[in-house]
Amino acid sequence: MSILSEALKTRAEIDKNKLKRVAASDPVALNNMGARHYLEGDYGTAFEYLTKAAELDNAEAHYQLSRFYREGVVGVEKDERKRLYHLEEAAIGGHAKARFQLACYEWIHGRFDREVKHLIIAARLGCDYSIENLRTSYVDGLVSKEEFATALRAHQAAVDATKSPLREAAAKAEAAGEIRW
């Protein structure tokens, strides 16, 4: 058996297992299937899979649905109320980018105390953008020196917790163009 046919067999097995997980209503598999359909331009099917995953409390699916409602992706009308609902659900589920976007929303609406709270939580989740905004908030006097220092330490701890030799090797391979997600 050639290497190519072995790889195709393995790919077929992987796809078969993915479909089993989707049929079993695995929220991660449903979210991944939604992402796959989105990348293929099948937005309606992507929306259906993401909605099912969100119903099972998948934070990433909630985040992606918030993007559908923000952008008004084909078949989905822009809806700020639904966008915020899904952002909040994603943030509650620990999604750092969703938390950061809620901070931006609060900043736009002049609710700086709420913005800072979201930024601190996002920093604790490892969100780099939140640190930059917290730095600006510190300079503007909206965050104390102690709050900023605590957020910096928590951010660094979160970043350090995600480091591993395997992740670093994958990042290098991706940067070199050897792999594509």
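This report describes the fold, surface, charged pairs and selected residues of a predicted model.

## Overall fold

The chain contains ten helices and zero strands. Its pattern, followed along the sequence, is therefore written with helices alone: α-α-α-α-α-α-α-α-α-α. Measured out along the principal axes, the box filled by the C-alpha atoms is roughly 65 × 40 × 25 Å.

The chain has 181 residues, and 33% of them count as buried. Contacts give another view of the fold. Among the contacts in the chain with a separation of 6 or more, 35% are made by residues 24 or more positions apart.

## Surface and charge

About 11800 Å² of the chain is exposed, and carbon and sulfur atoms supply 55% of this area. One part of the surface is a nonpolar patch formed by Trp107, Ile108, Phe112 and Leu142. Together these four residues have about 430 Å² of accessible area. Within the patch, Ile108 belongs to helix H6, which covers residues 96-108. Ile108 counts as exposed because its relative accessibility is 60%, and the cut-off for this class is over 50%.

The side chains of the chain include 27 positive and 28 negative ones. The centres of these two sets lie 2 Å apart.

## Salt bridges

Side chains of opposite charge can pair when their charged atoms come close. The structure holds nine such salt bridges. One of them joins Arg67 and Glu71, with a distance of 4.0 Å from N to O. Where do these two residues lie relative to each other in helix H4? Arg67 and Glu71 are four residues apart in H4 (residues 59-71), so about one helical turn separates them. Arg67 is partly exposed, at a relative accessible area of 27%. Glu71 is also partly exposed, with 33% relative accessibility. Salt bridges with shared partners link Arg67, Arg70 and Glu71 into one network.

Two further salt bridges may be described. Arg21 pairs with Asp26, and their closest N and O atoms are 3.3 Å apart. Arg21 has a relative accessible area of 42%, which means that it is partly exposed. In the other pair, Asp160 and Lys163 have their closest N and O atoms 3.6 Å apart. Asp160 is partly exposed as well, with a relative accessible area of 39%.

## Two loop residues with positive phi

Which residue has a phi near 60° without being a glycine? This residue is Ser25, and the value is positive. Ser25 lies in the loop that runs between helix H1 (3-23) and helix H2 (27-39). With 42% relative accessibility, Ser25 counts as partly exposed.

Asp57 likewise is not a glycine and has a positive phi, of about 65°. Its place is in the loop between helix H3 (43-55) and H4. Asp57 counts as exposed because its relative accessibility reaches 60%.

## Glu60 and Arg83

Glu60 is found in helix H4. Its relative accessible area is 29%, so Glu60 is partly exposed. When neighbours within four places in sequence are left aside, Glu60 is in contact with Asn31 and His95. Glu60 can also be placed relative to Arg124: the two are 64 residues apart in sequence, and their C-alpha atoms are 18 Å apart in space.

Arg83 lies in helix H5, which covers residues 80-92. Is this residue buried or exposed? Arg83 counts as buried, because its relative accessibility of 10% falls under the 20% limit for that class. Not counting residues up to four places away in sequence, Arg83 touches Ser66, Tyr69, Arg70, Gln101 and Tyr105. One of these partners, Arg70, is also a member of the salt-bridge network with Arg67 and Glu71.

Notes. Residues are numbered from 1 along each chain as its sequence is written. This is a predicted model: local features need pLDDT of at least 70, side-chain atom pairs count only at pLDDT 80 or more; totals for chains, interfaces and linings use all residues. Side-chain values use heavy atoms; hydrogens and water are left out. Patches are made of residues with over 30% relative accessible area and no salt bridge: like charges are joined within 9 Å, nonpolar side chains (Val, Leu, Ile, Met, Phe, Trp, Tyr) within 5 Å. Accessible areas come from the Shrake-Rupley method with a 1.4 Å probe; for residues, only the protein chains shown count as cover. A salt bridge is a side-chain nitrogen of Lys or Arg within 4 Å of a carboxyl oxygen of Asp or Glu. Buried means under 20% relative accessible area, exposed over 50%, partly exposed in between (1.4 Å probe, protein chains only). Contact means heavy atoms within 4.5 Å. Lys and Arg count as positive and Asp and Glu as negative; His and the chain ends are not counted. The place of a charge is taken as NZ of Lys, CZ of Arg, CG of Asp or CD of Glu.
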